[in-house]
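Here are my notes on the model you sent over, point by point. Have the structure open while you read.

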Amino acid sequence: MTKTLTILILLFSAFNNGFGQSKYTLSGTIKDSTTGESLIGVSIRPSELSGVGAISNEYGFYSLTLPEGKYTFVVAYPTYVRYVRTVDLRQNISLNVNLSSQIQEIGTVEVSTRKKDENVRQAQMGVEKIDMNEINKIPVIFGEKDIVKTLQLLPGVKSAGDGNSGFYVRGGAADQNLILLDEAPVYNASHLLGFFSTFNSDVIKTATLYKGTQPAQYGGRLASVLDIKMNEGNSKRFGAQGGIGLIASRLTLEGPIKKDKGSFLIAGRRTYADLFLLLTPEERGLRKTKLFFYDLNTKLNYRFGQKDQVFISGYFGRDVLGLDAFGLSWGNATGTVRWNHIINSRLFSNTSMIVSNYQYAIKINGDGFDLSIGSRLQDYNFKQEFQFFPNARNKITFGLNAIHHGVVPGEVIGSEGSGVNNSKLSSRLGLENAVFVSNEWSVNEKFNVLYGLRGTGFTVLGNGEVNYTFDTQGQITDSTAYAKNKVIKNYINVEPRIFLSYIYSKTASIKGGYSRNVQNLHLISNSISTSPTDIWLPTTVNVKPEIADQFTVGWFKNFRENAYEFSSEIYYKSMQNQIDYRNGANTQANELIEGELLYGIGRAYGVELLLKKKIGKLTGWLGYTLSRTEKKIDQINNNEWYLARQDRLHDISVVGIYDINKSFTLSATFVYSTGNAVTFPTGKYTLDDEVIFVYSNRNADRMPAYHRMDVALTYNIKKRKRWESSWNFSIYNLYGQRNPYTISFRESETDPTKTEAVQTTLFRMVPTVTYNFKF
Amino acid sequence: MYKILIISFLFSFALGSCTKVIDLDLNSSETKYVLKGEVISGDSTHHLSITTTIPFDEPNVFPGISDAVVTLSDDFGNSAAMLHIGNGVYEAQNFLAFDGRTYTMTAEIGDKTFSSTVTIPYVVPLLGATIIESSFFGQTGNLIVPTFQDPAQYTNYYKFRYYEKDSLDNDSGEILSDDEFSNGQFNQQPFIGNYLPASGDTVVYKMWGIAQSVYKFLYSKDVNTSPNSGAPANPVSNWSGDALGYFTAHNLQQIQIVIP
């Protein structure tokens with residue numbers, strides 16, 4: 001493999017020289033001048049040439065190759081002071097740029113506002129970049145700012161439920177989102193049964209969501225990739241920031257290891273709802289109850305010379321829930337080691353080694369009867385990526401990725417004398433390999449293309465135990481024992497992706513694209529939203545890789561000097577090898593779980609409209625999605641198409657942020673969506689003196705429409721020396737709408753001969769105060 | 001089950017959730033037959049009740065079907081007609097049932113035929129019970145651990161229920177268990193239901209040995225009707241034909257315990 005890479009590098013170097021003597025490269029790294037954080041997505045353009053330029057990559061590196069000449073380069077990034085420099089390009093030049101943010105120098109120099117027309121120009125479609133400044137201002141439940149909840153306000157992205165941090169993208173299921181934290185997949189990205197995401201917003205640098213349209217270097221999920229990058233830590237001076245909220249507090253410490261060479265960042269967050277339980281009366285028996293979560297994020301980076309930088313980042317989070325004798329704990333742990341190497345001014349390399357772990361355990365501690373039921377998942381992941389900048393019009397990304405998946409779907413451990421046989425369900429092992437190449441090609445001023453190819457292979461490995469094969473009725477047809485790591489089956493898939501944009505006027509473009517995605521890890525869930533006890537299964541002999549083909553077209557238009565951005569996208573997605581489960585399936589610690597699964601196809605289509613106002617005192621957006629999501633699964637609903645649970649025809653979101661003055665910011669959000677497709681009873685009968693409900697067609701009913709308004713007021717206290725602080729007051733569900741979380745059916749309390757429908761509402765108006773600080 | 005418990009706890013505790021009775025316009029489905037047949041080892045009288053489904057918003061009066069032709073047979077060639085004795089209930093008499101035998105019940109209603117076959121499991125003797133004192137949410141009570149030796153050579157499915165003698169309220173409800181994690185073990189597990197017996201209570205403790213298809217029906221009834229289920233559905237019936245309900249042939253043991 002190393003040999004191949006060397007050859008590839010040589011090949012690209014040759015390519016490099018082949019361009020002749022008259023071209024030279026300007027390259028370097030772009031950073032924030034106060035914190036030393038590298039800046040992602042900064043544009044570097046020569047003002048003499050239109051339509052060419054470079055964008056700094058995820059490590060702040062850029063490379064721009066131009067014909068020999070004298071150029072005035074403009075380096076621009078929103079909210080940062082524009083940097084202009086004239087360079088006589090007669091040789092390869094290394095130019096590192098430190099940009100200063102507007103906060104220090106506002107009013108004295110010209111600040112780059114987001115007058116960019118990147119959304120119109122780039123070929124990439126179905127992408128949403130989260131502005132971390134907006135996140136601080138948008139109201140959220142319990143005042144816990146959360147990137148996922150902000151994402152849910154964008155077209156094509158839907159919340160999994162009231163206050164829930166699960167999300168659905170373009171009709172995909174919750175498990176069809178790949179969530180990456182510094183390149184490490186996070187498997188159950190929520191806390192407290194879904195009410196909070198695992199991401200501490202204080203330490204996040206950027207978050208980008210691709211709605212199934214990701215470039216070829218990303219893969220592994222059908223619906224989306226949410227790529228989250230953590231801050232690196234201030235390399236200039238020591239600093240701290242934090243917040244004290246209603247249910248949780250946060251603290252982040254950062255500083256240089258060696259000034260301008262390396263830095264560290266460590267952040268923690270913990271809830272304290274359980275402490276209030278100590279105040280409850282003894283007789284309610286709640287004092288022994290445990291109910292909390294915590295997160296720890298750490299990151300270290302160090303620069304060795306001009307060409308090498310090493311990053312080590314880690315995440316550890318746990319949820320603990322204890323109710324007297326019952327306990328449930330779950331959490332993710334991820335670790336990433338990355339090595340950036342600038343091979344030459346046009347070739348950038350990143351090597352990553354990643355470990356991801358997810359596990360849960362249910363514990364029962366009786367008197368003399370201890371039992372633990374759990375499940376574990378562990379990934380070892382290697383990724384090598386090269387970015388090659390042959391000239392100003394192409395950026396080629398290529399590399400490979402290998403992941404070893406190991407899943408223990410269930411494990412039962414009893415104490416001595418518990419009368420329980422300790423048992424472990426046979427583990428599922430698999431090797432997921434991918435090679436990818438992708439090119440961003442700016443053909444001319446009007447025409448941009450992003451195309452690529454990803455080849456993925458999944459190898460089902462033996463586990464030293466018996467492997468079962470099932471027929472369509474869930475009966476065992478074969479049981480064979482395979483030696484550990486023996487290859488049982490290979491699945492090979494090719495995933496082409498292409499996106500084109502044609503800029504037909506200065507401010508408008510049309511785009512179109514096609515992408516195929518393949519998914520080899522599947523979540524087996526039979527609850528309403530995702531639950532920590534859901535089980536991940538890799539592709540096996542029975543479970544085939546899920547495949548999605550998506551076609552997208554769009555129209556993009558900016559108004560008033562790019563102050564307003566309008567985008568519209570239409571998508572059609574067809575999905576194969578979708579998974580559902582049989583009625584009455586036992587998904588907990590079931591050795592024969594694959595016999596409980598059913599397979600079928602799915603389709604999703606819709607229109608997404610988004611109007612954004614990006615500058616001025618009032619900013620925000622208006623989003624609307626019209627969509628349909630359907631499934632057709634063998635043996636479900638008489639093999640006919642039915643609506644997926646998350647099918648919501650209309651989805652509207654309005655976000656407004658108003659900067660009243662330097663101290664006060666007012667913000668409000670409003671959301672409206674059609675209710676979920678659900679199954680309500682169509683009759684009832686009696687059995688064993690109980691009344692039982694009859695169900696007919698799946699998801700033939702609708703929950704009532706959901707709507708809600710939230711508001712927040714942020715008060716920034718005048719900065720004193722280095723101490724910055726702010727108060728945030730927010731109200732979730734301002735007008736107290738009773739949105740149903742569930743509708744259930746029961747015997748009437750007033751007249752037992754009758755049955756009635758009862759709706760449960762989770763949140764009716766939740767006011768919150770949070771104090772944030774930074775120094 | 002834990003999931004439901006925990007979620008409902010969370011909601012009721014921290015978040016101040018609220019419930020409200022609402023009016024819903026529900027679809028109705030075609031009327032279906034509901035059959036519940038039961039054969040008990042050691043008994044010689046057995047029953048089948050046939051009723052129908054009714055629309056959701058009607059009062060709970062479930063009409064019985066009186067014109068069905070019902071037979072009960074076993075794998076030893078014995079067969080008996082089951083006769084209607086009122087309210088849709090059919091009865092077979094003088095038909096002694098044994099552990100290990102296989103029973104088939106067939107009902108013809110108009111042009112429809114429903115049939116189900118179940119084997120009575122061999123009895124796992126219920127030897128007695130031990131009592132553990134325990135506390136839950138500040139309440140002190142007693143847990144009952146039934147004493148039995150699970151046989152290693154079979155997969156066993158159990159159903160338990162215990163209630164205070166002569167009381168209508170103090171009832172555990174139905175508790176299901178299989179030996180997936182305790183095959184061949186001497187039972188140590190308290191099966192906890194909705195009733196925590198207090199000292200001095202006289203408790204009737206019942207244990208059934210049931211067939212897999214019956215367990216599947218009862219289990220799916222619990223899972224599919226839980227408010228947390230993503231896709232509620234009818235329990236998996238062991239009747240052939242498109243009927244609701246189930247047929248069980250089982251053994252039943254019962255002991256009486258006075259909590260010390």
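1. Into which domains is chain A divided? Domain 1 takes residues 19-112, domain 2 takes 121-227, and domain 3 takes 228-774. Keep in mind throughout that this is a predicted model.

2. Let's start with how domain 1 of chain A meets domain 3 of chain A. Their centres, taken over C-alpha atoms, are 35 Å apart. The contact draws 27 residues from domain 1 of chain A and 27 residues from domain 3 of chain A. As general background, interface size is often quoted as the accessible area lost when the parts come together. For domain 1 and domain 3 of chain A, the buried area is about 2,300 Å², with 45% of it from carbon and sulfur atoms. If you want residues to click on, try A:Glu37, A:Tyr59 and A:Phe61: these supply 28% of the area that domain 1 of chain A buries against domain 3 of chain A, more than any other three residues.

3. What about the chemistry of that interface? The rule finds 0 salt bridges between domain 1 of chain A and domain 3 of chain A. Polar contacts, on the other hand, come to 12 residue pairs between these two domains, counting pairs with both residues at pLDDT 80 or more. On the domain 1 side, strand E1 (23-32) and strand E4 (61-67) of chain A are the elements that give two or more residues to the surface touching domain 3 of chain A. By residue type, that side of domain 1 of chain A splits into 7 nonpolar, 16 polar and 4 charged.

4. Now for chain B. It has 2 helices and 14 strands. Of its 260 residues, 50% are buried. Looking at contacts in chain B with a separation of 6 or more, 61% are between residues 24 or more positions apart.

5. The domain assignment for chain B gives domain 1 (33-119) and domain 2 (128-234 + 251-258). Their C-alpha centres lie 26 Å apart. The contact between them takes 5 residues from domain 1 of chain B and 4 residues from domain 2 of chain B. About 310 Å² is buried between these two domains of chain B, and carbon and sulfur atoms give 65% of that area. Here the three residues to look at are B:Ile40, B:Asp99 and B:Val118, which supply 67% of what domain 1 of chain B buries against domain 2 of chain B, more than any other three residues.

6. How many salt bridges does the rule find across the interface of domain 1 and domain 2 of chain B? The count is 0. Residue pairs in polar contact between domain 1 of chain B and domain 2 of chain B also number 0, with both residues required to be at pLDDT 80 or more. The side of domain 1 of chain B that touches domain 2 of chain B is made up of 2 nonpolar, 2 polar and 1 charged.

7. A couple of backbone angles deserve a look. Most residues other than glycine have a negative phi. A:Asp182, though, has a positive phi, near 45°. This residue sits in the loop between strand E12 (177-181) and strand E13 (184-185) of chain A. Is A:Asp182 buried or exposed? It counts as buried, because its relative accessibility is 1%, under the 20% cut-off.

8. B:Asp166 also has a positive phi, near 65°. Its place is in the loop between strand E11 (157-164) and strand E12 (175-178) of chain B. B:Asp166 counts as exposed, because its relative accessibility is 77%, over the 50% cut-off.

9. Next, an arginine in strand E32 (residues 487-505) of chain A: A:Arg497. Its relative accessible area is 3%, so A:Arg497 is buried. What does its side chain meet? A polar atom of the A:Arg497 side chain lies 3.2 Å from the backbone oxygen of A:Gln214. The backbone oxygen of A:Pro215 lies 3.0 Å from a polar atom of the A:Arg497 side chain.

10. Finally, A:Ile488 is in strand E32 of chain A as well. With 17% relative accessibility, A:Ile488 counts as buried. Leaving out residues up to four places away in sequence, A:Ile488 touches A:Val460, A:Leu461, A:Gly462, A:Asn467, A:Tyr482 and A:Val541. A:Asp308, by contrast, is 180 residues from A:Ile488 in sequence and 41 Å away in space, C-alpha to C-alpha.

Note on methods:
Residues are numbered from 1 along each chain as its sequence is written. Chains are lettered from A and ligands numbered from 1 in the order in which they are written. This is a predicted model: local features need pLDDT of at least 70, side-chain atom pairs count only at pLDDT 80 or more; totals for chains, interfaces and linings use all residues. Side-chain values use heavy atoms; hydrogens and water are left out. Domain bounds come from an automatic or database domain assignment. Contact means heavy atoms within 4.5 Å. Buried area is the accessible area (1.4 Å probe) that two parts lose on being put together, summed over both. A salt bridge is a side-chain nitrogen of Lys or Arg within 4 Å of a carboxyl oxygen of Asp or Glu. A polar contact is a pair of N or O atoms within 3.5 Å; within protein, one must be able to donate a hydrogen and the other to accept it, and residues adjacent in sequence count only if both atoms are side-chain atoms. Helices (H or I, at least four residues) and strands (E, at least two) are DSSP runs, numbered from the N terminus. Ala, Val, Leu, Ile, Met, Phe, Trp, Tyr, Cys and Pro count as nonpolar, Asp, Glu, Lys and Arg as charged, and the others, Gly among them, as polar. Buried means under 20% relative accessible area, exposed over 50%, partly exposed in between (1.4 Å probe, protein chains only).
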